[in-house]
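Trainee: I would like to go through a protein structure with you. Please show me the sequence and the model.

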Amino acid sequence: LRRQRQMCIRDRYYTPVVTIGAVILAILPPLILGGGWADWIQRACIFLVISCPCALVISVPLGFFGGIGASSKIGILVKGSNYLEAVAEMTTIVFDKTGTLTKGEFKVSEVQPSADKNNTIGKEELLEIAAYGEGYSNHPIANSIREAYGKTLSMERVTDTEEIAGHGIHTFIDGREVYLGNAKLMDAQNIAYTENKTAGTVVYVACNNVFAGSIVISDTVKEGSKDAIRDMKQVGVKKTVMLTGDRQAAADAVAAELGIDEVHAELLPADKVGQVEKLLGAQNEKERLAFVGDGINDAPVLTRADIGIAMGSMGSDAAIEAADIVLMDDDPLKIATAIHIARKCMHIVYENIYFAIGIKLICLLLGALGIANMWMAIFADVGVMVIAVVNAIRALFVKKYEM
């Protein structure tokens, strides 16, 4: 939209103004001051040649294309020049946790049956129920539970499976009604349960509305996540935020390890959009907010943020489609590099703008006074354009950001 407004300004204002200025320069001075018309008409022609905006029209888009090319060479896919400009103005970055800052490689670390004396479900049966309940899910947590179970699943035992967004799964296994999910699911179904305070993601299991136990799944932080947060702050990001559906204790542990400024946990997908709305409302007009995620539930937030950044390797198709920037190898370290490239690119673009306008203003004045000739006018047009284009090509060779 900004590019379109700038083109509209050029077409509606700049072109008519310089054309009318040239006509005035050709007609009024001979009528007021007297003298030959040929000299003033020549000055008007020189004025028109100098005022041609070729240097800006060609070099500015080329600068953005160079920045996009430099990003693509290192695996950062930027879907448009307007997003590159927005990244250069980014001051707040919001992260999803699982698969973005953590590996998303979950492992079952604890199977804890209910301690109720009436509970007859042991560890093996509890893990079996959870594996069958998660049998149709492709979520990393579901994959880890099936992997821990380690046996072939006979899915004809499972019927009427329903995924409850942000809560868990409701299904029937061998005729028994089963709920698997977080504490919110247990609360929503009025099922009394024993809270598991072990660090990690906890899946609570209930059979026929009776708490059967809990399973703890642990995730590990990506090796480069801590360095990525540090680098982002080095390149000018003022605030880092993490949003997750996990428990508060697990989210706080990851945030403390990585140095995240603010964390919000136990969120539904709609809650993440609400948190981003609040953060957007707290920014001033010149600041931009980015959201980084990888899951299908992140698509609404990626769309709402000023810049949506998706993980291209593990990310869902919906997240990649909704994002403005895609990290092809899921490396969060490249976010700081994207910011670095964007700001270098904008620096080059503004260099071209100031250089081209400055030279043209000087030559326009000299042309109006009769000092500049047609050769100088051609230099102010074509010569400045060539210099600006060569300068814009520098954006292709912006190096990767390093501390």
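The questions below deal with sheets, helices, cores and a few single residues.

Mentor: This is a predicted model, in which local features need pLDDT of at least 70, side-chain atom pairs count only at pLDDT 80 or more, and totals for chains, interfaces and linings use all residues. Residues are numbered from 1 along each chain as its sequence is written, and side-chain values use heavy atoms, with hydrogens and water left out.

Trainee: Which strands stand at the edges of the six-strand sheet?

Mentor: Helices (H or I, at least four residues) and strands (E, at least two) are DSSP runs, numbered from the N terminus. Two strands pair if DSSP finds at least two bridges between them. The sheet is open and antiparallel, with the order β3-β8-β7-β6-β5-β4. Each edge strand has a single partner, so one side of it is left without a neighbour in the sheet; these strands are β3 (107-113) and β4 (158-164).

Trainee: In β6, what is the bridge partner of His 170?

Mentor: Strands β5 (residues 168-173) and β6 (residues 176-181) run antiparallel and are joined by six bridges. Within β6, the partner of His 170 is Tyr 179.

Trainee: At about what angle does helix α6 run to β3?

Mentor: Contact means heavy atoms within 4.5 Å. Axes are lines fitted to C-alpha atoms, for helices over the stretch in contact, and angles run from 0 to 180 degrees between N-to-C directions. Helix α6 (residues 140-149) lies across β3, β7 (201-207) and β8 (210-218). Its angle to β3 is about 70 degrees.

Trainee: Which strands are at the edges of the seven-strand sheet?

Mentor: This open sheet has mixed pairing and the order β1-β13-β12-β11-β2-β9-β10. The strands that pair on one side only are β1 (76-78) and β10 (262-264).

Trainee: Which residue in β10 does Val 241 stand opposite?

Mentor: Strand β9 (residues 239-243) runs parallel to β10, and three bridges join the two. Helix α9 (residues 248-258) lies across both strands. The residue opposite Val 241 is Glu 262.

Trainee: How far away from Lys 222 is the nearest side chain of opposite charge?

Mentor: Lys 222 lies in the loop between β8 and α8 (225-234) and is buried, where buried means under 20% relative accessible area, exposed over 50%, and partly exposed in between (1.4 Å probe, protein chains only). Lys and Arg count as positive and Asp and Glu as negative, while His and the chain ends are not counted. A salt bridge is a side-chain nitrogen of Lys or Arg within 4 Å of a carboxyl oxygen of Asp or Glu. Lys 222 has no salt bridge, and the nearest side chain of opposite charge, Asp 330, is at 5.0 Å.

Trainee: Which helix gives the largest share of the largest nonpolar core?

Mentor: A nonpolar core is a set of buried Ala, Val, Leu, Ile, Met, Phe, Trp, Tyr and Cys residues joined through side-chain atoms within 4.5 Å. The largest has 41 residues, and Phe 95 and Ile 335 are among those with the most contacts inside it. Eight residues, the largest share, come from helix α13 (residues 333-368).

Trainee: Is Asp 160 buried or exposed?

Mentor: Asp 160 is in strand β4, and its phi is near 55 degrees, a positive value in a residue other than glycine. Its relative accessibility is 60%, so Asp 160 counts as exposed.
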